[in-house]
Amino acid sequence: MNYMITNFILNNFKLKMKIKRLKLLGACILFTGIIFTNTQCQKSKGSNLNLSFLHDTKELPRINNTKHNSQQITDFKWPDGKKMAISLTFDDARLTQIDKGIPLLDKYDVKATFYVSPKPMMERLEGWKQAQRNGHDIGNHTLSHPCTGNFAFSRNNALEDRTLKSLKTEIDSANVLIKEAFGVLPVSFAYPCGNTFVGRGINTKSYVPLIASQFETGRKWYDEGPNDPSFCDLSQLTGLELDGKSFDEILKLIESAKKNGQWLVLVGHEMNDEEGQLTSLLSTIEAICQYATDPANGIWIDNIHNIASFIKEQRGEK
Ligand SMILES: [Zn+2]
């Protein structure tokens with residue numbers, strides 16, 4: 001009896017072990033199956049993605065991934081073997097320009113462009129007339145200086161609320177005043193605050209075409225890099241900040257522009273010997289004048305009109 005019971009227990013144990021082994025084997029097969037299916041699935045997905053990417057790149061123009069400004073891209077020839085051009089430009093007809101800045105530029109015979117606001121211009125009219133006779137370029141900067149209303153000073157004269165028609169009227173009015181004062185119509189324009197639009201949302205319009213139809217050049221502000229003379233749109237010349245900069249900071253821009261044969265347009269406001277808001281330091285301006293007029297440095301420094309005229313001639317434009 002005991003033997004039978006023992007035998008039954010033993011057989012039962014063997015049967016349980018067999019079932020366990022079978023379950024384990026089943027689990028292994030299932031697990032391997034899942035891994036295999038998953039790998040195939042991923043391979044197939046990857047292959048589809050790659051193919052669609054290849055397909056897309058065929059439709060796209062070739063993109064040069066070289067970091068911008070790191071490579072010479074222009075074969076433009078500056079005059080007299082110069083390697084680049086610089087224009088110093090100043091906005092708003094601020095009194096420090098006429099009182100301190102222009103005498104300094106004249107000392108080095110450096111010609112700059114001044115985008116004047118008529119009201120402050122009238123405060124030093126004789127000085128501005130003399131500046132023009134000395135070869136400085138007098139440009140239009142609108143009558144009322146409209147900018148985006150995000151600037152509190154322009155909230156009641158915001159470009160978001162303006163139309164192309166109203167902007168044309170005030171640009172024309174500024175032209176009339178400049179013509180009366182200097183005897184010639186300006187050929188250079190600077191977008192107040194560097195903003196080039198009117199309206200908002202789907203009704204936004206660019207006023208670049210308006211400037212292109214009336215002026216030789218339009219200059220922006222707060223841009224990232226200089227102008228490529230063989231390619232740049234003269235109606236949207238880039239302008240880099242001069243205010244608050246040391247000569248060492250400007251020298252880096254000059255060296256980079258020289259490497260690429262570009263036209264560096266610098267933008268300033270107050271011209272003073274003390275640091276302040278929107279102030280280009282006289283020490284920086286003087287160092288630029290000294291560096292740029294040294295023939296060893298291969299730089300053509302001149303006003304916007306003179307350089308733009310040369311570019312147009314080289315490009316065969318009227
Ligand atoms: Zn301005």
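This short talk goes through helix α2 and the core of one predicted protein model.

Because the model is predicted, local features need pLDDT of at least 70 and side-chain atom pairs count only at pLDDT 80 or more, while totals for chains, interfaces and linings use all residues. Residues are numbered from 1 along each chain as its sequence is written.

Let me begin with the overall picture. The protein has nine helices and twelve strands, which are DSSP runs numbered from the N terminus (H or I of at least four residues for helices, E of at least two for strands). Of its 318 residues, 31% count as buried, where buried is defined as having 20 or more other C-beta atoms, placed from the backbone, within 10 Å of the residue's own.

Now to α2. At 1.5 Å a residue, the 13 residues of this helix, residues 95-107, should span 18 Å (the expected span is 1.5 Å times one less than the number of residues), and its end C-alpha atoms are 18 Å apart, which agrees. At Gly-101 the helix α2 bends by about 40 degrees, the bend being the angle between axes fitted to the seven residues ending there and the seven starting there, and Pro-103 follows within four residues. Gly-101 is also buried, as are Thr-96, Gln-97, Ile-98, Ile-102 and Leu-105. After α2 comes Asp-109, with a positive phi near 55 degrees.

What do the buried residues of α2 pack against? They pack against β1 (84-91), β2 (113-116), α4 (125-133), β10 (270-272) and α8 (282-292).

Conventions: Buried ≥ 20, exposed ≤ 12 C-beta atoms within 10 Å, placed from the backbone. Contact = placed C-beta atoms within 7 Å.
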